[in-house]
Amino acid sequence: MSIETLVANYRDAAQAAAVVDLLDSYASDPAGGGTPLDATVREQLPAALAARPQAFSVLAFDGDTPVGLINCIEGFSTFACRPLVNVHDVVVLPSHRGQRVAQKMFAEVEREARRRGACKLTLEVLSGNAPALRTYEREGFTSYQLDPAFGHAVFLQKKL
């Protein structure tokens with residue numbers, strides 16, 4: 001197995017299709033919610049990502065076959081006065097799990113984040129997703145806290 005990674009070009013039809021197909025695979029998996037992407041999302045996602053310079057995706061290929069995806073969105077750290085990169089989606093097809101595909105993609109994410117001048121990478125993960133947690137810890141991610149007396153960060157959402 002020879003895994004190659006690259007920062008996706010959303011305007012390249014094959015790479016755009018890989019982003020959508022891999023994200024749909026993740027969305028369909030119980031860890032991603034168990035519901036396939038809506039047809040409108042599948043159709044509009046590449047152009048919507050391409051329109052946002054703060055977004056980038058890393059793809060992993062085994063030969064010509066796309067097998068992994070990490071979607072990232074650049075944010076901003078007011079405490080550091082520098083960009084940060086939020087790792088929004090991490091996908092490795094079941095056929096390639098346990099083969100360090102995520103490790104290779106994270107190396108590419110980190111290169112791109114450093115190129116953008118980012119001060120850190122952030123991500124959120126469901127507490128019951130033990131394989132993902134192990135992967136992220138192996139890649140150097142830790143719980144976020146400032147003063148231990150205040151505990152660690154908790155990710156919340158409010159749908160609009």
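1. Let's start on helix 3 (residues 101-115). Glu110 and Arg114 sit four residues apart there, so about one helical turn separates them. Why does that spacing matter? Because an α-helix has 3.6 residues a turn, residues three or four places apart point the same way. The two side chains do pair up: Glu110 forms a salt bridge with Arg114, and the closest N and O atoms are 2.9 Å apart. Glu110 is partly exposed, at 34% relative accessibility, while Arg114 is exposed, with a relative accessible area of 61%. Keep in mind as you read on that this is a predicted model.

2. How many salt bridges does a search of the whole structure find? The search turns up seven. As a bit of background, side chains of opposite charge can pair when their charged atoms come close. Some of these pairs hang together as a group: Glu74, Glu112, Arg115 and Arg116 are linked in a network of salt bridges.

3. Now have a look at Arg42, which turns up in two of these pairings. In one, its side chain meets that of Asp21 in a salt bridge, with N to O at 2.8 Å. This pair links distant parts of the chain, since Arg42 is in helix 2 (residues 39-50) and Asp21 is in helix 1 (residues 13-28), 21 residues apart. In the other, the side chains of Arg42 and Asp24 meet in a salt bridge, with N to O at 3.4 Å. Asp24 belongs to helix 1 and Arg42 to helix 2, so this pair ties together parts that are 18 residues apart in sequence.

4. How open are those three residues? Arg42 counts as partly exposed, with 31% relative accessibility. Asp21 is partly exposed too, its relative accessible area being 41%. Asp24 is another story: at 17% relative accessibility, Asp24 counts as buried, because the cut-off for buried is under 20%.

5. Stay with helix 2 for a moment. Its buried residues include Leu45, Pro46 and Leu49. Looking down the axis of helix 2, you find the buried residues within an arc of 85°, so they line one face of the helix. What do they pack against? Their partners are helix 1 and strand 2 (55-62). Turn to the face that points away from the buried side, and you meet the exposed residues Ala39, Glu43 and Ala47. The N-terminal end of helix 2 has a cap as well: a side-chain oxygen of Asp38 lies 2.9 Å from the backbone nitrogen of Thr40.

6. Helix 4 (residues 130-138) is worth a look next. Here Ala132, Thr135 and Tyr136 are buried. They cover an arc of only 95° around the axis, which puts them on the same side of helix 4. Strand 4, helix 3 and strand 5 (121-123) are among the elements that cover these buried residues. Just after the helix comes Gly140, with a positive phi of about 100°.

7. On to the largest nonpolar core, which has 38 residues. Which of them touch the most other members? They are Leu59, Ile70 and Phe106. Helix 1, helix 2, strand 2, strand 3 (65-77), strand 4, helix 3 and helix 4 each supply at least two residues of this core. For Leu59, setting aside neighbours within four places in sequence, the contacts include Leu6, Val19, Leu22, Leu69 and Met105.

8. Here's a residue to puzzle over: Asp89, in strand 4 (residues 82-92). Asp89 is buried, yet it has no salt bridge. Where is the nearest side chain of opposite charge? It belongs to Lys159, 12 Å away, and a salt bridge needs the side-chain nitrogen and carboxyl oxygen to be within 4 Å, so that pair doesn't qualify. Beyond its neighbours within four places in sequence, Asp89 is in contact with Leu23, Tyr26, Leu69, Ile70 and Asn71. Ile70 is one of the core residues named in the previous point.

9. Last, check the start of the chain. Ser2 lies in the segment before strand 1 (3-7) and is partly exposed, with a relative accessible area of 45%. Its side chain makes a polar contact with the side chain of Glu4, at 3.5 Å. Leaving aside neighbours within four places in sequence, Ser2 is in contact with Phe61, Asp62 and Gly63. From Ser2 to Ile70 the C-alpha to C-alpha distance is 18 Å, and the two are 68 residues apart in sequence.

Methods
Residues numbered from 1 in each chain as written. Predicted model: local features only at pLDDT ≥ 70, side-chain atom pairs only at ≥ 80, totals over all residues. Heavy atoms only, no water. Buried < 20%, exposed > 50% of the residue type's maximum accessible area, 1.4 Å probe, protein only. Lys, Arg positive; Asp, Glu negative; His and termini not counted. Contact = heavy atoms within 4.5 Å. Arc of directions from axis to C-beta. Polar contact = N/O pair within 3.5 Å; in protein donor to acceptor, adjacent residues only side chain to side chain. Core = buried A, V, L, I, M, F, W, Y, C linked by side-chain atoms within 4.5 Å.
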